[in-house]
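Trainee: I have just opened a new structure, and I would like to work through it with you.

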Amino acid sequence: MGDFSGLEENDYVLLKNLKVEFRRDGDGEEDGSPEEAFAICFWIYIHTCASFPSDILVQKQPDVASSVPFLRLDEKKKMKLFPLLFLHEDAPNPDNYVPWAGIPCASTEIEFPLKKWVHVGCEVLRDAVRLNIDGEIVGERSLTCSVNKDLHAEALKRLYLECPFENENMLHGYVHQLDVLFATSAVKNHYAKDPPVQLLIDHSSTSEIEEECDGVWSIVGGKASCRRSFSLDVTLLNAFGRPVNKEFEVVASLLYADNAAFVENTGDYESPLLMICDGVEYGSHDRPCKIINGQISFKLKISQLSSKCDNRLFVIRFEMPNLGRYPFFEAVSLPIRCVSRSKTVRKLSNPNCEDGSVGLIPNIAKPNPSSKRIKLGHDIPFSLLKQANNRAHNSRAWTSNKDKNHGMSMSRRVENGYGAENNNSSGSDNSEATNSDPKSMLGISNPIPDLIIFKYCMGGPAERCQLLKEIAVSASEVQIAHFAKQVSLFSGCSHHLHQIKIAQRLVKEGIEAWTSVSENNNHVSWDNLVFTINQHFMKIVNTARSLTNQDFECLRRIGGCRDTVSQEEFERIWSWLYPVAFTLSQSAVNEMWNSVSPVWIEGLITKEEAESIILQQGPGTFVLRFPTSRSWPHPDAGNLVVTYVGTHSTIHHRLLSFDFINGSSSKKTAVKPLQDLLLQEPELSRLGRMVRSH
């Protein structure tokens, strides 16, 4: 094959159209045959498979009516590579049916993934077959070479492989970059070059979209006065997870989740999905966006409500129309329930129950945060707060006062007014109050004004984060405590109380951690930062258990950092890790974190890792984890989640009650340990385990 761009229609072939013939192409050279070592290498994307077992490739010859498998997915979804007809004595006879389970073959040990590009290398030797997955040998089987070499030479030349016709409506997939190599050592080289590409939703950008317990996104939409914007990032990555530096237009559409039909316009003919560009709303189909350096961020709103469409669920589909309709050039969101502005108040479990019958895993919806995502890079960096103290030209000064509880609380002395947050002018008598900078309204002795409380309750995550950082270094503890109570009262969610109360310590210790490792540099090496993070984590948690390499890999993914770490990336890590460390410092959880046998908390693991741990361990198996999509000041940041296997082997994720975790640490009367309460839950019976290297 020639040069590969990975972004042309002819780069991808339908699996049902695939046919592999064994030939060497050369000037006057006779066709080669597979009687010597060769390998078939290709990338495969299996979109759907209606039933298992299912043949991917079968061996056929013009003189033989029936066929035998060459590559198949068995009933356990494992890939198997069979002996070659006429070359191996162990190959099945097309004329005499025998159960394929009795034929010696090379096999994978785990399920073959669907809807993902995978590189397959099938090595056929005279005395063995080897199966390679993503450049590594995963299965090998020794075989007996046929003794009738001369007799079968011509038959071998006419042998070919294809996807069986009867699988056309059962197995749907695509193949990319198929080659027949007559040097098996080239399998790794084939894997390393010209990988295929795939359009994906970056799920780290969905952290501030409310996900209900049934795995459905809840998004506030409808009328222009009510609907909220939310952000989704879309990435174009190759099979190695690297961004593809090509510019292509991406279009977003709102579809029904049950049949993928387009959602109709609203009653006033407004597009059901709107894209915001420079503050103006456009129909999403009218404004395709270019993907640059492998990434694009969509800011969207939904104008159509589920209640106006028979309560049906929606999905958002992103596609690159100029490249044809391929499933790997499309990215589809989770199901969406579009609701009008919620007026319900979250029910809270009673933290004062002394009999241990706390509503530990409440069956309630999560609070409805803004659907915008946190972008700490747009907020006030921790280090700027510290550096401002030394800048004479700055219009505001920062002072530090000793505090017996936190070691240091930072307060600000306003010398001159500076940049108002809202620059819109108004001719009303209240223009001074509405346009004045909230930061300049903070007094040392007066309560934080209602305007700032209102801004916090109505703002998105980025606005809340920015306000809290300012308040943390500007207000007293009394002011912050009053602010936290007012926000909890007006928002109807007591979990805001916890996030606001830890703001001062989070900002202060974040400044200390970054300053100690950065030495006024804008970037630090990951290896140097690891030591500092671990040191501060162990100090906050008051534990001798350090973070493992797997924990740091989880943090690296959360921060989106590589060998060097910027201040913005550090802030992402710290805003997620500090609430986790604070939770682990509470007596109700600290004992479980320090437990060696059993290991109650498997370190910092993702949702996907948790599911893989328990999926094969039966109903009732559970693990505890911290949600990687919840960062400060999200109300649930640092909270524990129980991931468990329910009936019919379905996986569930339930949030533990924050009120119990924080309330039990301050109770004077004894309550049952958290681990005992967990095991009393009818859905939870045994703790799942995973093997992690340290």
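Trainee: Which residues of α10 meet α12, and which ones in α12 do they meet?

Mentor: On the α10 side they are W526, L529, I533, H536, F537, I540 and V541, and they meet F570, I573, W574, L577, Y578, A581, F582, L584 and S585 in α12, with contact meaning heavy atoms within 4.5 Å. Please remember that this is a predicted model, where local features need pLDDT of at least 70 and side-chain atom pairs count only at pLDDT 80 or more, while totals for chains, interfaces and linings use all residues. Residues are numbered from 1 along each chain as its sequence is written, and side-chain values use heavy atoms, without hydrogens and water.

Trainee: And how do the axes of α10 and α12 cross?

Mentor: The axis of α10, which covers residues 526-541, comes within 9 Å of the axis of α12, and the two cross at roughly 25°. Because angles under 35 degrees count as roughly parallel, α10 and α12 are described as roughly parallel to each other.

Trainee: What does α12 give to the largest nonpolar core?

Mentor: The largest nonpolar core (buried Ala, Val, Leu, Ile, Met, Phe, Trp, Tyr and Cys joined through side-chain atoms within 4.5 Å) has 69 residues, and those with the most contacts inside it include F483, W526 and L584. Helix α12, residues 567-585, gives the most to this core, with 10 residues. Apart from it lies another core of 43 residues, among them L199, L273, I291 and L323.

Trainee: Switching to strands, is β8 enclosed or open, and why?

Mentor: Strand β8, residues 117-124, is largely enclosed by the rest of the structure, because eight of its eight residues are buried, that is, under 20% relative accessible area (over 50% is exposed, and in between is partly exposed). Both faces of β8 are covered, with W117, H119, G121 and E123 buried on one side and V118, V120, C122 and V124 buried on the other.

Trainee: So which strands does β8 pair with?

Mentor: Strand β3, residues 38-49, pairs with β8 in the antiparallel sense over eight bridges, where pairing needs at least two DSSP bridges, and F42 has V120 as its bridge partner in β8. Strand β9, residues 128-133, also runs antiparallel to β8 and is joined to it by five bridges, with N132 in β9 as the bridge partner of G121. A hairpin of three residues joins β8 to β9.

Trainee: I noticed W43 as well; is it buried or exposed?

Mentor: W43 lies in strand β3 and is buried, with a relative accessible area of 1%. Its C-alpha is 5.6 Å from that of V175, although W43 and V175 are 132 residues apart in sequence.

Trainee: Last topic, then: where are the cis peptide bonds?

Mentor: The bond from F52 to P53 is cis, with omega near 0°, and P53 lies in the loop between β3 and β4. The bond from W632 to P633 is also cis, with omega near 10°, and P633 lies in the loop between β29 and β30.

Trainee: And what is the phi of K77 and of D194?

Mentor: Most residues other than glycine have a negative phi. K77, however, has a positive phi of about 65°; K77 lies in the loop between β5 and β6 and counts as partly exposed at 32% relative accessibility. D194 has a positive phi near 50°, is found in the loop between α2 and β13, and is partly exposed, with a relative accessible area of 23%.

Definitions and conventions:
Buried means under 20% relative accessible area, exposed over 50%, partly exposed in between (1.4 Å probe, protein chains only). Helices (H or I, at least four residues) and strands (E, at least two) are DSSP runs, numbered from the N terminus. Axes are lines fitted to C-alpha atoms, for helices over the stretch in contact, and angles run from 0 to 180 degrees between N-to-C directions. Angles under 35 degrees count as roughly parallel, over 145 as roughly antiparallel, 65 to 115 as roughly perpendicular and the rest as oblique.
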